[in-house]
Amino acid sequence: MERITIDIVSDVVCPWCYLGKARLELAIAEVQDEVGVDINWRPYRLNPDYPPEGVDQKKALEQKLGGAERVAQGHKMLTDLGREVGINFDFEAIKIGPNTLDAHRLIQWAGTEDREKQEKVVSALFKANFEEGRNVGDHAVLLDIAEKAGLDRSVVATLLSSNADRDLIVGEIDAAQKIGVTGVPFFIFDQQYAVSGAQTPDVLAGALRDIAKMKAEARAGMN
């Protein structure tokens, strides 16, 4: 069985990233007998200029999207799409638009332990923000998520209160933008094939099958 590594460039306050994650999981389930998949989560910040304490989410979104009506339309569409893949978006519950730098640092630290812990942290961050209306810029929230994912709470608390890996995260985002990532989610398969946006499960499953086939053919050609 061929194994494919997917680097997912994403932000935890991006609803399309949450949708893309759920759709990818359905695609992986569909091809699990044919392809093995390893996932690495890579940082992106939709709102790098937000202050550490965050902003008024409703006001900021209305300014960004051009009024309450546009926001409501977008939320309705996302809520419907989310329902199809088991996400219960609760946009009304989100009061604070957070700065996500610390959330990305937490994802990074979880990833240095193992992919499973990173996956748990990412899932919990999306759920906290989009389904529970919790502020994922708040250290107390991040510590709860870290602990539930199996990370050492006191170690994470020490790291969060320091500047550890801030430059690393910002550098990774700069690097992503230099290779042409202007929106998220952005999926990079085996560091060479890119798929942009929250594609449907059949598109993602097709991409996984095609890449696995190319890898198998290349391997056969070498023998």
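**Two pockets and a helix crossing**

Modeller: The second largest pocket is lined by 13 residues, and K58, V71, H75, F91 and E92 lie nearest its centre. α2 and α3 each give two or more residues to that lining. This is a predicted model, where local features need pLDDT of at least 70, side-chain atom pairs count only at 80 or more, and totals for chains, interfaces and linings use all residues. Residues are numbered from 1 along each chain as its sequence is written, and side-chain values use heavy atoms, leaving out hydrogens and water.

Colleague: What makes a residue part of a pocket lining?

Modeller: It has an atom within 4 Å of a pocket point; a pocket is an open set of points on a 1 Å grid over the protein atoms alone, where a 1.4 Å probe fits, with protein on both sides within 12 Å along at least five of seven lines. For the largest pocket, 24 residues line it, with V13, P15, L46, L61 and L65 nearest its centre.

Colleague: How do the residues of the two linings divide by class?

Modeller: The largest pocket has 17 nonpolar, six polar and one charged; the second largest has six nonpolar, two polar and five charged.

Colleague: Why are α4 and α8 called roughly perpendicular?

Modeller: Their axes come within 10 Å and cross at roughly 95°. Angles of 65 to 115 degrees count as roughly perpendicular, so α4 and α8 are roughly perpendicular to each other.

Colleague: Which residues make the contact?

Modeller: L101, D102, H104, R105 and Q108 of α4 meet R166, L168, I169, V170 and E172 of α8, contact being heavy atoms within 4.5 Å.

Terms used. Nonpolar A, V, L, I, M, F, W, Y, C, P; charged D, E, K, R; others polar. Helix = DSSP H or I, 4+ residues; strand = E, 2+ residues; numbered from the N terminus. Axes fitted to C-alpha atoms, helices over the stretch in contact; angles between N-to-C directions. Parallel < 35°, antiparallel > 145°, perpendicular 65-115°, else oblique.
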